[in-house]
Amino acid sequence: MRKHIALGVAVVTSAALLAACSGGDPAPATTEGSSAGAGDGAGTELVVWSDAERAEAIKNAAADFEEDTGATVTVVQKNFEDLRADFLAQVPTGEGPDITVGAHDWLGEFVESGVVDTIDIGDRAGDFEQVTLDALTYDGQLYALPYAQESVALIQNVGLVGSEPPATWDEMIQMATDAGFAERPFVLYTNGAEGDMYTSYAFQTSFGAPVFVQDESGSYTSEVGLGGDAGLAYAQWIHANGSAGTGYFTDTVDYDIGNELFATGQSPFIVQGPWTIPTYQDAGIEVAVSPVPSAGGQTASPFVGVQGFYLSAQSSNALLANEFLVNYMATDEAQQALYDADPRIPALTSVAEQVSDDPVIAGFLASAQNGVPMPNIPEMGAVWEFWNPAQIALINGEDPTSVWTSMVTNIEGAIGG
Amino acid sequence: MSVGLQRVEPAPSPAPPESHARGWTAPGWGFVVKLLLMMVVNAAGVLAILSAWNAGAWVILGVLVALLVAADWVYFSRRALPLKYLFPGLVFLAAFQMFTLVYTGYVAFTNYGTGHLGSMQQAVDAALIQDEQRAEGSPTYPLAVLREGDTLGFAINDEGVVRVGTAEEPLEAVGGAVVDADGAVTQVPGWEVVPRAQLFSDAALQERVVALRVPVSDDATEGSIRTREGATGAVYTSTLEWDPAARTITDTETGAVYSPDDRGSFVSADGDRLAAGWYVNVGFENFARAFTDDRYAGPLLRVAAWTFAFAILTVLTSFGLGLLFALVYNDPRVRGRKVLRTIFILPYAFPAFMSALLWRGMLNAEFGVVNDWFFLGANISWLTDPWLAKLAILWVNLWLSYPYWFLVTTGALQGLPGDVMEAARVDGAGRWRQFRSITLPLLLVATAPLAIASFAFNFNNFTIIYMLTDGGPAFPGASVPLGATDILISAIYQISGVSGGRADYGLASALSIIVFVVIGIVSAVAFRRTRKLEEI
């Protein structure tokens, strides 16, 4: 009997505790009067959500801010993938942060859901790389402070094909064939059998087929630009290099296999992002990085992904949050610290140029300067679901005309409906 | 009528011995222990209630109070003996089962999802935020926040001229103001300049400053000064106006009036819609969409067929293989049975998603070891051919789940009565006959409910599908992004946009409830049928 009661009580206790946890944050941490601080911002707390890589750099930048204003900055660490859904779910309930780290392609969804506030960096706009501001602009308003940009680029194995970058696709194939890699001159990452149009988008734009038509200001409209002759030419090009043609493209290359093919010298060229470079360098490969070569004659523009700090629309510390972002995170030191924590190309031009002493970074920067921001409109979600499988179908030798036209129809249907 | 019948009063039963947890008589420490434990419970409960109070979560608060009162009553009352045992379980049931069920049911009748996440007031906030733009060519002015009594104002330094205004009074140049070397306004006659440190420390003041708009002139279209961080200001213009009484938003430039519609959006007479909305009750619409939208109907039917095939085949194959091994390794002649059995259940001990990822690599057509080792390096596309992908899913799931059945049937076999077997042997039954007529029926009595549970589990086995094929290969040309190995639950994940893009949690909840009902019906029918097994 006693045992049962004890057990029962333990259960009730934990149930009560659990209920307490689900009942929302226990009393907001009010750190009372630390009279030592210069400014008496004690009691106000700024909550910043960040992923693991950036948390430390943000805390360091926050140290100065805390000293100057007396406010506390609490950095909450989350998985980068979780930030988006959590921010969307929590801001309307009032449990969200004041600021979150995020990718620019979340913006459309954030705006539609009304969870982000605009920011104004005023005259500082000139200090940032234009593409990073474009990416975080929606309907003419800037919604986040950019801190990093990234794009894929052509990476080549200097030991196998030298360091001279090829200007066109044909030139690249020729270089690889001369070096004895006729069977797999180039590694196309397709995320295994799921397809990955993100990485190979530069080839598509070199045919003149953007995913969405851009208006004169550079903002994306929801008009699909994939169709027409240009899109079809690209589809035929994939088909001609898939199993029905040269066989350069396969549906078997996932992230690890692609990296291994390149890192073990089984193929001299790959298109990948800066995040793969350490893998290759650890394997002892000397790499050269350059913009993606054109396959269709026009400039090959990869997607540029931009990361920034979003400000919650429901923040009750908007003034502090703006002060923190514009006057503490938009500085050279803070952006340099973010770069040191996780080497992505900084959004501040001065810092970007500074880190471009490194030829690898310079190569990625050159590629990004050719690039276009990945669309930040919510319609993009529907595009991937049809776009990626189409790549696999083409690689597996299905008829390019029917695959591509039905893909365009389906995307238009999904967006319209 | 009731001549000889009289109610017989039961003899008064002897008073039950007093529980340790109640008695004051020696030793009495049982009651002390209970008291201490209940003090902990009450302390935790009061803490939880206070924090719910602070967070303003009134429903949670009410539930917590009710639970705490109930807990105290149950454990200190004489009359609630059965409840003393049941109460913790009931709390768990309410917190983890009923709440999720009810909440899913609630969401299924709303349009909660991208664009409809918050309240109407939040949608209004968002619309006003998104509409307010910095006036083209507006410079950034050094700005100071002013206070006089309860009135707040701004002072800006417009190239040497200090202008002061409040929410009602447009900007006006003032004399006698002091400006420091950086251009910041430090003194204004008749006003107190609020130090920034004070701004940062006073949350209420902060909100008022951020909300303050000082008109540039009497002409409203010229915009107003606002500050974002309290030290600089710029001219902003906005065209939308919120009328809380009429609950409409008016565009002062075009004259369009946006009023709330029954779908949780602000819509103008021309049908223009403001981006942000709020969530509303939409009745049975989410349920109807699953059946009436012809884009879904065809692919969902194929997905449903494969879901049944997948769940049934998985149970049959893994049960069969597990039973086979159990029979073989139950034979006393096998040496080292314990070691072998332990090794057999290893796949069961690995996390399923890890195993699925490993298998995904091993089944890779070009680089996978399966093709290299067993198929002479042929490029068999295990994961991209619709039928082979189905086979691969079944195979990997068999590998993952036969150890479970091995374990269960081994236990059941060891519990079978030996005398029945012996009687059968004496009667001259062969081995096959013994198995078919005695072992298997007896085994099924014990394992059929588990088989039904396993069916229900695999019906919603999202992990293996997501990790191994992610539903692929895609149906060629289908108008919804579904594939040959998608089961209902992964299809829901895809079409409701929860996987990315425009999420529609209402639709996802409605479809989940439909799946729940299907599983419920199938399980109920199956359980009914298993009762027949027990009649043997």
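1. Helices α9(A) and α17(A) are oblique to each other. The reason is the angle: the two helices pack at about 130°, and an angle that is neither under 35 nor over 145 degrees, nor 65 to 115, therefore counts as oblique. Note that this is a predicted model.

2. Where are the two helices in chain A? Helix α9 covers residues 228-240, and helix α17 covers residues 400-416. Their axes are 9 Å apart. The crossing of α9(A) and α17(A) is right-handed.

3. Which residues make this contact? From α9(A) come Gly231(A), Leu232(A), Ala235(A), Gln236(A) and His239(A). From α17(A) come Pro400(A), Thr401(A), Val403(A), Trp404(A) and Val408(A). By class, six of the contact residues are nonpolar and four are polar. None is charged.

4. Now the domains of chain A. Domain 1 takes in 36-150 and 305-373, while domain 2 takes in 153-301 and 378-416. The C-alpha centres of these two domains of chain A lie 30 Å apart. Each domain gives 16 residues to the contact between them.

5. What does the domain 1 side of that contact in chain A consist of? Two elements of chain A give two or more residues to it: α4 (107-112) and α15 (359-370). The largest share, six residues, comes from α15(A). Sorted by class, this side of domain 1 of chain A has five nonpolar, five polar and six charged residues.

6. Chain B is assigned three domains: domain 1 (29-108), domain 2 (134-237) and domain 3 (294-533). Taken over C-alpha atoms, the centres of domain 1 and domain 2 of chain B are separated by 52 Å.

Technical notes:
Residues numbered from 1 in each chain as written. Chains lettered and ligands numbered in written order. Predicted model: local features only at pLDDT ≥ 70, side-chain atom pairs only at ≥ 80, totals over all residues. Domains from an automatic or database assignment. Axes fitted to C-alpha atoms, helices over the stretch in contact; angles between N-to-C directions. Helix = DSSP H or I, 4+ residues; strand = E, 2+ residues; numbered from the N terminus. Left-handed = near helix turned anticlockwise from the far one by under 90°. Contact = placed C-beta atoms within 7 Å. Nonpolar A, V, L, I, M, F, W, Y, C, P; charged D, E, K, R; others polar.
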